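Let's take a walk through a protein together, one stop at a time. Have the sequence and the 3D view open as you read.

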Amino acid sequence: MRFKLVFILLTAITLVNCKNEVKKVEEETPKPVAAVFELPVAPEGVIHKFAPLPYSYDALEPYIDAKTMEIHYSKHHVGYYTKFLDAIKGTELEKTPMIEIFKNISSQSDAVKNTAGGYWNHEFFWNVMVPGGAKEPTGNLLEAINKNFGSFEDFKKQFSEAGAKRFGSGWAWLVVDKEGNLFVNSTANQDNPIMNSETKQGIPVLTIDVWEHAYYLKYQNKRTDYLDAFWNVVNWDIVAKNYNKAITK
Ligand code: MN
């Protein structure tokens, strides 16, 4: 009887250990997003594609949590994209580059404006973030930030304030204007600084989504905590590339 009990106990301990081993291996191997989620595919002849997320859902932890990334990308972003395809179905916009659509957005319906912005802004946003990137810009981007804002700290303050003060839903941006100078602003809803409906237009180089869906699960109503955390995941290499492209246009 006692032997039987010991045997059962040993078997149980072995099984629990095995289970833990399997779990550990799964945790150490982040699944590529494509493996867990089927990306929407553009219909034939439509030039607007849906890009894979450039990192796994948990890559930006603890600053942006995996659950928020998953819902934000696979539900919200996908939703904007599929609704955008519906809104432009059978029109010349299926073959019009997004930048051209934005430059003439005031001649489009609200459905096109909101879904085009929602589709493009999110893809732009994913790309200006990276896990473990540099903590601050360098080179001519840093020089331009110092020239236009006084210092990197002053720029961060202005950018965060733009995001914090945006009433309701929207985005904060770092933008290059026609003269090649940097400025910070925010837009409502899914609008962006390329749209000709904006008073101050330019080419965006950095953005943050300040819709509640971007931070509510982790930060609840504390949008400023989310804005502070954002500086830990900015991809300054990409921002510098965006900046250099914008000033040579
Ligand atoms: Mn969003």
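Start with the metal site: along the chain, the donors of the manganese ion follow the spacing H-x49-H-x86-D-x3-H. Keep in mind that this is a predicted model. Put names to that pattern and you get His72 (NE2), His122 (NE2), Asp209 (OD) and His213 (NE2), the protein donors, which sit 1.9 to 2.1 Å from the manganese ion. Now pick out two of them: His122 belongs to helix 5 and Asp209 to strand 3 (residues 203-209), so this pair ties together parts that are 87 residues apart in sequence. Are these two buried or exposed? Both His122 and Asp209 are buried.

Next, have a look at how two helices pack. The axes of helix 3 (residues 66-88) and helix 5 (residues 110-127) come within 8 Å and cross at roughly 140 degrees. That makes helix 3 oblique to helix 5, because an angle has to be over 145 degrees to count as roughly antiparallel. The crossing of helix 3 with helix 5 is left-handed. Among the residues making the contact are His72, Tyr73 and Phe84 of helix 3, and Gly118, His122 and Trp126 of helix 5. Sort the contact residues by type and you get 13 nonpolar, six polar and two charged.

Finally, some backbone oddities. The peptide bond from Glu61 to Pro62 is cis, and Pro62 lies in the loop between helix 2 (33-36) and helix 3. Asn189 isn't a glycine, yet it has a positive phi of about 50 degrees. You'll find Asn189 in the loop between strand 2 (182-188) and strand 3, where it is partly exposed, at 39% relative accessible area.

How values were computed. Residues are numbered from 1 along each chain as its sequence is written. This is a predicted model: local features need pLDDT of at least 70, side-chain atom pairs count only at pLDDT 80 or more; totals for chains, interfaces and linings use all residues. Side-chain values use heavy atoms; hydrogens and water are left out. Axes are lines fitted to C-alpha atoms, for helices over the stretch in contact, and angles run from 0 to 180 degrees between N-to-C directions. Helices (H or I, at least four residues) and strands (E, at least two) are DSSP runs, numbered from the N terminus. Angles under 35 degrees count as roughly parallel, over 145 as roughly antiparallel, 65 to 115 as roughly perpendicular and the rest as oblique. A crossing is left-handed if the near helix is turned anticlockwise from the far one by less than a right angle, and right-handed if clockwise. Contact means heavy atoms within 4.5 Å. Ala, Val, Leu, Ile, Met, Phe, Trp, Tyr, Cys and Pro count as nonpolar, Asp, Glu, Lys and Arg as charged, and the others, Gly among them, as polar. Donors are N, O and S atoms within 2.8 Å of the metal (3.2 Å for Na, K and Ca); water is not among the atoms, so sites may look incomplete. Buried means under 20% relative accessible area, exposed over 50%, partly exposed in between (1.4 Å probe, protein chains only).
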